[in-house]
Amino acid sequence: MQLSNVIALVTGSASGLGRATAQRLARGGARVVICDLPVSHGANIAEEIGENAFFAGCDVTSEADICAALDQAEAKWGKVNVVVNCAGIAIAKRTLSKSGAHDLGIFLKVLQVNVGGSFNVIRLVAQRLAETEPGVDGERGVFISTASVAAFDGQIGQVAYAASKAAIHGMTLPLARDLMHLGMRVCTIAPGLFKTPMLASLPEQVQNELAKQVPFPQRLGDPDEYAQLAEHIITNRMLNGETIRLDGALRMPPK
Ligand SMILES: NC(=O)c1ccc[n+]([C@@H]2O[C@H](COP(=O)([O-])OP(=O)(O)OC[C@H]3O[C@@H](n4cnc5c(N)ncnc54)[C@H](O)[C@@H]3O)[C@@H](O)[C@H]2O)c1
């Protein structure tokens with residue numbers, strides 16, 4: 001799919017990987033819905049990008065919020081045909097700790113936002129896209145979600161986060177199979193360590209220690225390197241049903 005034909009909804013795009021993706025796609029000629037929590041800086045990001053973007057304050061787990069954002073995009077530009085799911089939350093908590101057993105509510109909340117939110121957006125966009133005329137090769141749209149290397153090498157304290165990211169990896173192939181007859185592709189990116197606000201706020205020495213764990217290149221990833229891969233997935237029609245690690249060969253140790 002050519003970026004000039006793309007109407008993308010990028011979740012979590014007020015910050016980090018989602019923000020870099022929204023900016024890159026818009027630079028390439030795509031129109032972009034900045035989808036993030038109402039309390040986020042999404043409006044500022046949309047303003048920075050200009051007329052090819054607008055902010056939709058959404059909780060990705062809400063059907064009503066996502067439908068309202070899609071209605072707005074349709075009224076302005078047409079049907080959303082690309083989703084990049086970057087919204088996510090992380091917690092660090094062991095199964096058992098001095099304070100007792102892992103809180104079940106927190107575990108389920110991480111699954112709800114990371115897995116439920118990603119699936120919610122994909123299912124609602126797919127429903128609307130199914131009604132559109134297909135393009136070259138019968139293609140209608142592309143869905144990209146964000147797992148993590150924690151899906152494969154979850155560390156101590158990452159049980160909830162790793163479960164959610166493994167589920168995102170796990171639903172990639174069945175989603176691609178469910179949607180193949182409609183010309184919709186589904187891929188997942190599993191990033192290693194990227195310099196988003198979360199990591200950038202750590203002391204420089206801690207960032208350097210983390211960077212040393214990456215075999216090559218020995219540094220944290222730049223969010224635009226994630227965005228580059230998202231752009232490639234959108235434009236390369238043979239990519240489908242796959243999770244791609246983007247991690248400089250990093251394999252996380254237990255802690
Ligand atoms: N940064 C990394 O090194 C790294 C590594 C592996 C995976 N990831 C994953 O990449 C994604 C983006 O990470 P990031 O580092 O850019 O994080 P970030 O915290 O900078 O951005 C996440 C965004 O998601 C939004 N968000 C959270 N809950 C939401 C909800 N319910 N509805 C809508 N928006 C919501 C937040 O407001 C925030 O703007 C996450 O899924 C994260 O797990 C990041």
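Student: How many bridges join S7 to S8, and in which sense do the two strands run?

Tutor: The model is predicted. Within it, one pair across this join is Thr146, which stands opposite Ile189 in S8. The strands S7 and S8 run parallel, and the number of bridges joining them is six.

Student: In the open sheet that has S7 and S8 among its strands, what is the strand order?

Tutor: The sheet is open and holds seven strands, with parallel pairing. Its edge strands are S3 (53–57) and S9 (242–246), each of which pairs on one side only. Neighbouring strands are turned against each other by 20 degrees on average, direction ignored. The order is S3-S2-S1-S4-S7-S8-S9.

Student: Through what do the strands of a sheet pair?

Tutor: Pairing may be either parallel or antiparallel. In both cases the strands of a sheet pair through backbone hydrogen bonds.

Student: Which residue of S9 is the bridge partner of Thr188?

Tutor: S8 and S9 pair in the parallel sense, over five bridges. For Thr188, the partner in S9 is Thr243.

Student: Which strands does helix H8 touch, and about what angle does its direction make with that of S8?

Tutor: Helix H8 comprises residues 223–235 and packs on the sheet. The strands it touches are S4, S7 (141–146), S8 and S9. Between the direction of H8 and that of S8 the angle is about 160 degrees.

Student: About what angle does the direction of helix H1 make with that of S1?

Tutor: Helix H1, residues 16–27, also packs on the sheet. It touches S1 (7–11), S2 (31–36), S4 (82–85) and S8. The direction of H1 makes with that of S1 an angle of about 165 degrees.

Student: Which residue of S7 does Val84 stand opposite?

Tutor: Val84 belongs to S4, where Val82 and Val84 on one side and Val83 and Asn85 on the other are all buried, so both faces of the strand are covered. S4 pairs in the parallel sense with S1 over four bridges, and Ala8 has Val82 as its bridge partner there. With S7, S4 likewise pairs in the parallel sense over four bridges. Opposite Val84 in S7 stands Ile144.

Student: How many residues of S8 are buried?

Tutor: Met184, Val186, Thr188 and Ala190 point one way from S8, and these are buried. Arg185, Cys187, Ile189 and Pro191 point the other way and are buried as well. The strand is mostly covered, and its count of buried residues is eight of eight.

Student: Is Leu193 buried or exposed, and what is its relative accessible area?

Tutor: Leu193 is placed in the loop between S8 (184–191) and H6 (197–200). Leaving aside residues up to four places away in sequence, Leu193 touches Leu199, Leu210, Val214, Leu220, Gly221, Leu250 and Met252. Of these, Leu250 is 57 residues away along the chain, with a C-alpha separation from Leu193 of 8.5 Å. Because the cut-off for burial is under 20%, Leu193 counts as buried, with a relative accessible area of 15%.

Student: Which residues lie closest to the centre of the largest pocket?

Tutor: The largest pocket has a volume of about 1,300 Å³. Its lining receives two or more residues from each of H1, S2, H4, H5 (159–179) and H6. By class, 27 of the lining residues are nonpolar, 17 polar and six charged. Of the 50 residues in the lining, those closest to the centre are Gly88, Ile89, Ala90, Tyr161 and Met198.

Student: How many charged residues does the lining of the second largest pocket have?

Tutor: This pocket has about 250 Å³ of space. It is lined by 14 residues, and Met1, Asn5, Asn81, Gly135 and Glu139 lie nearest its centre. The lining has four nonpolar and five polar residues, and its charged residues number five.

Student: Which helix supplies the largest share of the lining of the largest cavity?

Tutor: The whole structure has one cavity of 30 Å³ or more, with about 30 Å³ of space in it. Its lining consists of Leu70, Glu74, Lys79, Val80, Val125, Arg128 and Leu129, of which four are nonpolar, none polar and three charged. Helices H3 (63–76) and H4 (104–129) each supply at least two lining residues. The largest share, three residues, comes from H4.

Technical notes:
Residues numbered from 1 in each chain as written. Predicted model: local features only at pLDDT ≥ 70, side-chain atom pairs only at ≥ 80, totals over all residues. Heavy atoms only, no water. 1 Å grid on protein atoms, 1.4 Å probe; cavity = no way out; pocket = protein on both sides within 12 Å on 5 of 7 lines; lining within 4 Å. Points joined across faces, edges and corners; volume = space filled by probe spheres on them. Nonpolar A, V, L, I, M, F, W, Y, C, P; charged D, E, K, R; others polar. Buried < 20%, exposed > 50% of the residue type's maximum accessible area, 1.4 Å probe, protein only. Contact = heavy atoms within 4.5 Å. Pairing = 2+ DSSP bridges. Axes fitted to C-alpha atoms, helices over the stretch in contact; angles between N-to-C directions.
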